[in-house]
Amino acid sequence: MRRVKLDRIDRRILRDLQDNGRMTNVDLANRAGISAPPCLRRVRALEEAGFIRGYHADVNPEALGYKVTIFAFVGLNSQAEDDLVAFEEMVEDWPEVRECHMLSGETDFLLKVVAKDWDTFQKFLTTRLTPAPNVSHVKTALSFRTRKQLPGVPVEVDVEDDEDDDVED
């Protein structure tokens with residue numbers, strides 16, 4: 001990976017692509033105030049440096065029949081690194097688990113799980129998650145609605161360039 005120093009234009013590109021990953025390079029370049037060829041070079045450099053991990057469509061879960069979102073707080077019997085990794089790898093194979101976060105404190109992992117209905121989730125909970133190896137306990141919280149769900153992170157465009165933005169591998 002190459003070294004990238006983020007400037008105002010790079011930050012603008014990141015913010016605009018995060019807001020609309022389907023934006024054409026010409027539109028992106030116009031918004032950033034540069035021409036298309038250097039804009040494309042900057043996008044490629046941001047991808048190679050790992051600032052841009054990928055592109056995807058924001059699919060409406062309810063349109064596909066996923067009407068239930070549950071957050072599961074999972075405690076493990078062992079927090080040895082091999083056991084934590086084994087749990088994470090197991091969760092990778094479960095398509096209904098959309099997010100997996102390792103936490104500090106009383107709960108080891110927070111999972112975001114989607115299901116078509118409550119019965120489908122209950123089946124997942126009782127046949128896969130709770131009896132999974134090393135799982136000691138699971139607490140769940142049903143999400144009634146989601147008001148805000150933004151991808152990525154806030155990208156400030158008009159900030160001073162500083163050394164903290166350098167990336168080198």
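Tutor: Accessible areas here come from the Shrake-Rupley method with a 1.4 Å probe. Applied to this predicted model, the method gives the chain an accessible surface of about 11600 Å².

Student: What share of that accessible surface belongs to carbon and sulfur atoms?

Tutor: Carbon and sulfur atoms hold 48% of the surface.

Student: What makes the chain more spread out than a compact globule?

Tutor: The globule rule gives 15 Å for 169 residues, whereas the radius of gyration of the chain is 20 Å; this is well over the rule, so the chain is more spread out than a compact globule. Along its principal axes, the C-alpha trace spans about 55 × 40 × 25 Å.

Student: Which pattern do the helices and strands follow along the sequence?

Tutor: The chain has five helices and four strands, in the order α-α-α-β-α-β-β-α-β.

Student: How many of the residues count as buried, and by what cut-off?

Tutor: Buried means under 20% relative accessible area, and 32% of the 169 residues are buried.

Student: What is known of the second largest pocket, and which elements line it?

Tutor: Its volume is about 210 Å³. The elements that give two or more residues to its lining are α4 (81-92) and β2 (97-102). The largest share, six residues, comes from β2.

Student: How do the lining residues of this pocket divide by character?

Tutor: Seven are nonpolar, one is polar and four are charged. The lining includes W94, P95 and F109, as well as E88 and R98. Trp, Pro and Phe count as nonpolar, while Glu and Arg count as charged.

Note on methods
Residues numbered from 1 in each chain as written. Predicted model: local features only at pLDDT ≥ 70, side-chain atom pairs only at ≥ 80, totals over all residues. Heavy atoms only, no water. 1 Å grid on protein atoms, 1.4 Å probe; cavity = no way out; pocket = protein on both sides within 12 Å on 5 of 7 lines; lining within 4 Å. Points joined across faces, edges and corners; volume = space filled by probe spheres on them. Rg over C-alpha atoms; globule rule 2.2 N^0.38 Å. Buried < 20%, exposed > 50% of the residue type's maximum accessible area, 1.4 Å probe, protein only.
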